[in-house]
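Student: Could you walk me through the packing and the chain contact in this one?

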Amino acid sequence: MLKRKRLENKFLLIVVGYLLMALTGLWFLTKSWLPPGFVIAGHDSGLALASRQFLISRLFTWDDHINFGQDNTLNIGSLTLHFMDFVLATLAGGEVAGNQISVFFWLALIFSSALIFSFTLHKHLNKAFVFIFPPFITFNFYIFQSMFMLERAKYGLFAATMLFAAITFLVLERKINILLAVLISSVIFFIFNGGSLWGLPLYGGFLIMIATIFTHTLIWGIFTKRVDEIKRILVFFLLAGFGYILINSYAILPAFVKFRLGDASLLFSQENIAPNKAWLDYISQTSSFINIFRLQGIPDWYEDQYKVNANHPYAFSYTTDKMLVGISFIFPILAFLSLVLAKTPVQKRLVSFFALMVLISMVFVSGTHAPLGFIYNFFYENVPAFAIFRTPFYKFGSVFFFGMIFLIAFSLASLIYKFSEKLVLLIEKPRNLQNSKKFAFLALVLTGSVIFSWLAYHKVLFSPQVFNWQKTNTTRITIPPYINDFKSWSETSNINGRILLLPPLDEGWRIDSYDWGYWSLSTLPSMLIFQNTVANEVSLTNQERDWLWEIFTELESGKEEEFVNLAKRLGIDFFLVRKDVSTDNPLFNLKSPKGFEDTLGSFESVNKVAAFGKWTVFGLKNGHSDKIYAAGSLVEIPENQLFLYRDFKLDGSIFLKSKRSGDAPDDFLSMQFKSFRCLSCLIETAETDTVLPVVRILPNSPLYALKRIREQTELIAASSDEEKINAYLGFSLRRVGEVKHMLDFREKEKHLVADLKSINDYLVIVYQILSSLPNSTKDFKQAKDILQVLHPIESNLRIEVDKAKSGTFSSSVISGMTDVLWQINRIKNLHSEILGARERWETEKVFGIELSNPTDRIFLSTSFLPFDEDGNRVFPTKAVLKAGEELSLEIIKRADNLLELAAPKAFLGKGYLSIIFNDLGNKFISHGYSVEQAPRGLVGCYYGSVKKFDRTLSYKIKVNAKDKDQVLKLFIREEKGENLPLEYFLTGQREVSIFPISTYAPFEFIYNPATNLDYLSIYVCTEDKELPKIEKISVHEIFSPYMVVSKMKDLPKYDPPKVSYEKISPVQYKVSLEGGESPFILILNEKFDPLWKIKPVKAGEGKEMEGDYEYKHLRIDGYSNGWLINSRQDNRFIIEYLPQRFFRLGAIISATVLIVSICTIIFLVKRGKIDG
Amino acid sequence: MARKYFKISKLPHYSEIESKLLRWVLMNRYRVSIFFLTFLAISFSPSFPYINLFINKSLLVFLLFFFFTVIFNLEIKIVLFFICMVLFLALGFYLIGEIETAELFGNFIYGILFAGTILYTIRLLKIN
């Protein structure tokens, strides 16, 4: 017994020595990766350059240093992670979270946790396993796939999973009492909790492990009649889950409140997550079983299902090098060889468990990839909240790699023992083989060789390439000294207002990218300083983005007064011009920083505050903007039409009216704007596709009755005439799809005739409903819907009727088809006024407007009018209002972007307003004919370019042919910067067949440019050297203007009080009011959130009492918070962000549970009450 | 391992093989019949309407080998031997760029391994 104990201690010493040796190795490895001066920053890492400030920000449920502020409730859980970032950065002697010590810590954590796990099992497995498992689990492509962003949340949870597995096996073996196991688990998951609530999907792998352990134990327990095991594991899991919730209350409680009271639950709803299905399929495309078995299939490695990503730093070698590929095929053999090599019952049970865990997890790791992708699809579409797992490989990969590496390490360890035994037995016959020195030496050498081979196979993971997320892009960067100078300046300067980042980010990518290597969705200044920086980045709402777009436009156009007013409105006091942004990167359309610097320098009300290398700070000369202020009135404008603010030069607070905003208090509105969209524009842009829906169940199927029943249900649910029309049109389209299928497959004619009769009946009903509707003939939307449904029906049936002339079908089928075509004609005739001559709507724009007050005025914003070929705005020449009688309106220019349409006499009620343009001009400049080299050979072309091309607009291209007997193709050559090399010409361009060609009407094509184009050329080519016979090509902008009706209101002049405030924290403000009168609106210039609350502070008996939250909460300027204060009983208020209260409560619970847990663990260990 | 298991150190006489094979077929006649029926059902299932909406080529391979392993109650050693063979083939296809075919072999491996591991666990449970 004593000898055994001594041997145990000796082995423990060896393991500790091994750990120290490995940690030393890791230290030098990380040192070689990140020598002094190098850090990891950027991409998706969240690695702050100011870890202390970042940690502080995690103590509040509102983060007021990014853009217009943002909710932080769901990020609170990353408190422990950022605490570690801070501690490790401090140890590294700086504030940068992505430092060498940090990288070392996380790798060391994985290694140590793996060693603890393997040591826990060493009595059942063998000693070689203890040494092989940790390096294998630390160095593999799953862990290193995210090394470039040092995915601490994943690493922490991975380590916690292994430790939890070790504890669970101890619980099952009764080597630890359940209370101690629960407490240790809770503490582990307090520290490594997956980061924040956004890290929840990282628990995917962990949940699979828990489910497998439980199921395995349950089946095992039932078959072997060991009910106590089931009980123990059930109690342990339940208590551990309870412990997890209690100890993480600080993160869970405020998040729960946010879900219950706020709108964050939308983030997890199926409606919002379902669109991610395409991403899910993309991620899963390379996760085939053969790839996963080989410990590969990492989505980053591939461009598509089979094409390797040439931009990946090392994927190419591991997928094409014959030797490396060959080695990867050994892994599954090694892993499942363990099932044969397991000898003892415990070994067999462990191996069977891990093998099942691997195979079950593979179903999830492979996501929607065949053959079992339908299972994941089912979960994704039907299990609530499962849609958070939209990147299956990354979220479930942890448990797969854990299991596979366990099995591989077990097999190798067993083989090493077997081989060593055989070799030793060849030399001598020792009494105790396992204690033989020769055996130990041989096992040691073989273990070392195995570890070395594994590391050699993964040799690329030892180079700094692991920080490359593309061949030439890395997160391993050196930060220029002026960045730190700027940081120091920001810490010592009194900066209250927001800092606007210039030049704006590229609108397509919204990436902050610098020529020295930083590249991230998080802007560099937001990761660097604690002052409030604003940029047009991904997290902004549409309204915030619109405001920033306005301020950028004012700055670019050099309008100083408008720019300064807008800056003050948005709380922006400073402007940071960064001249080191990646203007040379062809991916981005970045505007020149120099232009912004020059414009700001020329403004009198802006001065240069400081300059740091390539960064210059400008500031407003006259004071800073107030975060809290009062307003006496509001102007209401429709949501998404912020341009009215500019056109009408509105300087008061704005209420953006939308469905979700509710109504503004009517007695506060000084002005109201109502906008009307162009109705006829719907027809101009209506796409007339000829594609029929795919139908799977045809009338000859026994399941067809079910389809009919479903349609009847749809019909019963349709309550309005519009819904009924849509339903019948939808059914007609589906029936035509069936007819087309049946014709193709030559099905029995009786089904065809029946289907055609159904279509005919549906269309008769549609005609009857339409005829009975008042104003139906002027309903543009209805006309568009009808056009879009009837067009494919008509065009497909026409083709079939033409084919039928050859005598293929019976007369009843042909008659059925012609009846349908006749009904279509009748319906179209109902809308002949709209659909008759569609080209009319290019120059005539119709609006349905409503005037309710004699003082209402009609305006047209010219911002949406087109430009002619000379770059001049095209204005309407005539405006006509039709409302019973026809009134001609006078067109008067009121401001830069504003035309007023004045009626000769007052008009009230509803009517149709038409504005008519004479000519939109032709932006096509012909360059004549040419013969071009195309992939098929030489082709004759007629070509030209588009003058004053603007990529933000849509264009209509018309081609008039002289001769209809020619085969023509339209090529749209999209160019960015300089012209493409000639070899790319006519390949990969936008290509459209010009069909059918007619000489009486032009061929039309609507073109929507890509976001990063500069020039556009148009080619019309034949299929050979014959030149095309073209009469004319014309190009004009497609435009859809807004008509605006303004309503002025005579309001009593409220004098709002003077507001003073004190910022207690990012989540709390104390407000005092002085003078003025009520009612008024108190505005907090932070992003609107329903959980921002205001309450009065009332003088109580000897102490201050807080009142109730009783004021109406409004969204002001489309993004900030406002409260309607009706009565002035109170002069002092508190504005606070509600989730903070729950964070405080949760933090008390967490701290208490943590302290109690640690004390109990110490007590139990000291008293030796460990065993279960 | 294969050599040891199948005892193919020397080539047996054809009559010996024939009698062994016949004996095996006779002993496993029910299994052979069940597998034959399952094989037919699974193989022809993509030809039937509606079922072909769910069963594709990859799933077919997976199901065939899953049922093969279960019906013949294959020992884990045989399963492993098969896997080695198939992996070798898959490697060949992978190296010549026929990755889709290699993937198909991967599905087969998964099917047979899944069934094999479940059988292994069931046998363990029986022993315990």
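Tutor: We can take the nonpolar cores and then the interface, bearing in mind that this is a predicted model.

Student: Which residues have the most contacts inside the largest nonpolar core?

Tutor: They are A:Phe117, A:Phe133, A:Phe336 and A:Phe402, in a core that has 204 residues. Helix α20 of chain A, residues 392–427, gives the largest share of this core, with 19 residues.

Student: And what does A:Phe133 touch?

Tutor: Leaving out residues up to four places away in sequence, A:Phe133 touches A:Ala114, A:Phe117, A:Ser118, A:Met162, A:Phe402, A:Ile405, A:Phe406 and A:Ala409. Apart from the largest core lies another one, of 41 residues, including A:Leu548 and A:Phe552.

Student: OK, switching to the interface: how much area do chain B and chain A bury between them?

Tutor: About 3,400 Å² is buried between the two chains, and 79% of it is on carbon and sulfur atoms. Of the area that chain B buries against chain A, B:Tyr94, B:Tyr110 and B:Leu125 supply 19%, more than any other three residues.

Student: How many salt bridges and polar contacts are there across it?

Tutor: The rule finds 0 salt bridges across the interface, whereas 5 residue pairs are in polar contact, both residues being at pLDDT 80 or more.

Student: Which elements of chain B give two or more residues to that side?

Tutor: They are α4 (57–71), α5 (76–95) and α6 (99–127) of chain B, with α6(B) providing the largest share, 16 residues. By class, the side of chain B that touches chain A has 22 nonpolar, 6 polar and 3 charged residues, while the contact takes 46 residues from chain A.

Notes:
Residues numbered from 1 in each chain as written. Chains lettered and ligands numbered in written order. Predicted model: local features only at pLDDT ≥ 70, side-chain atom pairs only at ≥ 80, totals over all residues. Heavy atoms only, no water. Core = buried A, V, L, I, M, F, W, Y, C linked by side-chain atoms within 4.5 Å. Buried < 20%, exposed > 50% of the residue type's maximum accessible area, 1.4 Å probe, protein only. Helix = DSSP H or I, 4+ residues; strand = E, 2+ residues; numbered from the N terminus. Contact = heavy atoms within 4.5 Å. Buried area = accessible area lost by both parts, 1.4 Å probe. Salt bridge = Lys/Arg side-chain N within 4 Å of Asp/Glu carboxyl O. Polar contact = N/O pair within 3.5 Å; in protein donor to acceptor, adjacent residues only side chain to side chain. Nonpolar A, V, L, I, M, F, W, Y, C, P; charged D, E, K, R; others polar.
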